[in-house]
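Please open the structure in your viewer and keep the sequence panel beside it. The stops below say what to select next and what can be found there.

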Amino acid sequence: MVVPFGKGARRTEGFVVAVSKASEFKGHFRAIEAIIDDRPVLNGKQLKLCRWLVGYYHCLFYDALSLFTNPVKVQIKMRRNLDGTREKFFDVYTDPEKWYRLTSEGSQAISRGKIMKSIMALLAKQPLTARDLKQQLGNVSSSLRSLCQKGWVEKVNRQELQMEQDQVVGENSFESPISIKTSPSLKKLKYSLEENTGTNQRFPIFFYHQNKCEKWQMFLILAMDLRAKETGLLLLPNKYLLEQFYEMLSPNVRAGVLFYHGELSQSRRRRAFDDVREERFRFIVGTRAALFLPYRHLKWIIMDEESNSSYVSSGEPHYHTRILAEKYMTLLKTSLIVSDTVPSVDATHRIMTHRMRLISESSFESKYHLKIINMQDEMHAGNLNFISHALAQAVTETLERGKNVLIMHNRLGYETYVFCRDCGHVARCPDCERPLKTDTHGQLICSTCGRQWSMPDTCPSCGGRRYRPMGLGIDQVVEEIKRRWPAYPVLKLDAQRLEASGMTAVKQDLTDKAYRIVVGTHALLNVSDYPEVGLSAAVLIDVDLNQREYNAPERAYQQYVAFFSMGDGNALLQTYDPDQDLVRALASEEYRDFYQSEIRYRKAMAYPPFGHLIFFKIFGKEAKQVEKDSWMLYHWLRKLDRHRQTMVYRPVKMNVMVENQQAMARIIVKTQNIRMVSQYIQKLIRGGHLEKLPSKIAMMMDPV
């Protein structure tokens, strides 16, 4: 509904969550100006989940409520009545976006222009808005106008598209499925879903299948088995995997699937909200935002790539999608299927303790042969380059065999930091306080905010001349690869390239330009079907070994197992410390070895799943005030130290928040008695202690 808010009576949207005959509020009341929705936006189960979010993550009720609602922009318009008078009325946001689709002439045409060719390839799959095309290909307005003038592309209104879509969806779009043989694991999965339906005590299911395409086809078969008024939800961690899933479907199947993610326009999100509420689609595929759509008869939730960090919300509330999905499973009495290429330590522990069911045709063994190169031996042999003799030989032999090469290095920039050997000063961004890198031109650059500076000749701290860039970044790797193998096209692939170009354009470049070597960060794992990969090589795994997070070894292990498994299984790893537990686990190709080592460490340290971590983030404009408030909060939390199972760590100054240039500090609480700690935090909140602090406070439970 539309309500006047604040001193200026600013019109905004509000939500009715309860109705009472009387109120204890003694201030001035204002009338509701208009009703936006004529029926409840949230059902009773969603409202329960919303309140659970508030209690578990200690967030504001509105922050939790906003996850389930589709915000609208309230507009005031004028209309003429039958008697000739004019009056104001409120209308929700209407979508002015233009839709484009390929004409019959355009479907037969061949364009020579690269951008036009890319536009036509995207429109051949489905009609898109100008915003959609811009997100995937950049600014294409000029090429789009040319295609419209040629008659190859036409504009169309949303109502016409919706009528066509409703007609296709009404024809049971799932009658022509992708053919796949029914595997034993799919039969077990179906049986477990039926078994879950007939019991009140439901356990999550971990579904393990190494081939991603086959696994997705099995999920699609489950969707085809849904009865009338039943809905299935498939969650994928990011829009790049949504694109790949979309590409896998035939056109008639696509029409019966609703794709949803947080970057859709406001009106398209609202349309999807209405489609789900009216049960126009049986199968929804989306990112974590799709979990909050108004489902009425949700049969199952599938969460693929479960360990991907994109499933953790960066804003308030800082929820984990799996934890939320498990609560949903209990409230809606639905089934939850979790899947991943490499199971997480937490999932494996729950399988071992019979709190999660495992469905798998094979064991968690890696499907690659790994060769480990000790870079210290290379140095002793006189090779000071970051490319070992073994790696150089393996790349050359692979290229000569006609195969392609994937190389991964998880550090941006050319050199990764600038260091003074006289005083130890490290160059940092004055805004973000993060170490500065260098680019290919020798300029200092902050990879977080993008600011650049010229490289000084002397140290700004002590004036010493031994002020030099150090460390190995991906740009330096790309430069060296191009120098050594100039005859072979090289593609640099990182998150920035994926975001700027889009998955479709990157995959088209891989095909059209015939790249033989791809050098990238872990972002290259988002592309699942590189052609003819004969070698997967990690330049220096050490950069991922010494991270501060407790679960850094697990994340590195999952990334490198997925990376080494690409192609024909021929893999190579370079390191200065071959005796590291992670390196040994990767070499053994036995997941159980890594799990046993990691679970012993976590049990000894009382880390999840044997305990809980709560991160308190204190932030504000004034650094001194943030420091003062962090110590005040620490003083309040110190009372928890009286209990043996809880530890409160002192405040630590963190990097400046880039998005709003705010100072930040962090306090960590580690506990094995989460109920007691949660009750104490609620006591602080209800007592108004946190509100008294000038700085803002956010909480994160068990960050990953």
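How far is the sulfur of Cys420 from the closest cysteine sulfur, and in which residue does that sulfur lie? Select Cys420 together with Cys423, and you will find that the two sulfurs are 3.7 Å apart, which is too far for a bond. A disulfide is counted here as a pair of cysteine sulfur atoms within 2.5 Å, and by this rule the count comes to 0 disulfides.

Before going further, note that this is a predicted model, in which local features need pLDDT of at least 70 and side-chain atom pairs count only at pLDDT 80 or more, while totals for chains, interfaces and linings use all residues. Residues are numbered from 1 along each chain as its sequence is written, and side-chain values use heavy atoms, with hydrogens and water left out.

Stay with the cysteines for a moment, using these terms: buried means under 20% relative accessible area, exposed over 50%, and partly exposed in between, with a 1.4 Å probe and protein chains only. Cys420 is buried, with a relative accessible area of 0%, whereas Cys213 is partly exposed at 40%.

Next, select helix 6, residues 141-150; helices (H or I, at least four residues) and strands (E, at least two) are DSSP runs, numbered from the N terminus. Within helix 6, Ser143, Leu144 and Leu147 are buried. If you look down the axis of helix 6, its buried residues fall within an arc of 100°, so they line one face of the helix; the arc is that of the directions from the helix axis to the C-beta atoms. To see what covers these buried residues, add strand 5 (99-102), helix 4 (114-123), helix 5 (130-137) and strand 7 (153-156), which are among the covering elements. Just after helix 6, Gly151 has a positive phi of about 85°.

Now turn to the salt bridges, each being a side-chain nitrogen of Lys or Arg within 4 Å of a carboxyl oxygen of Asp or Glu; a search of the whole structure finds 24 of them. Select Asp346 and Arg322, which form a salt bridge with their closest N and O atoms 3.2 Å apart. Asp346 belongs to helix 14 (residues 345-352) and Arg322 to helix 13 (residues 321-332), so the pair ties together parts that are 24 residues apart in sequence. Both Asp346 and Arg322 are buried.

A second pair to select is Arg280 with Asp275, whose closest N and O atoms are 2.5 Å apart in a salt bridge. Arg280 is partly exposed, at 33% relative accessible area, while Asp275 is buried, at 3%.

A third pair is Asp494 with Lys492, whose side chains meet in a salt bridge at 3.9 Å, N to O. Here Asp494 is buried, with a relative accessible area of 6%, and Lys492 is partly exposed at 29%. Elsewhere, salt bridges that share partners join Glu306, Arg322, Glu326, Asp346 and Arg350 into one network.

As a last stop, select Asp629 in helix 23 (residues 623-637), where Asp629 is buried with a relative accessible area of 3%. Leaving aside residues up to four places away in sequence, Asp629 touches Ile618, Leu693, Pro694 and Ser695, contact meaning heavy atoms within 4.5 Å. If you then add Ala665, you will find that Asp629 and Ala665 are 36 residues apart in sequence and 9.3 Å apart in space, C-alpha to C-alpha.
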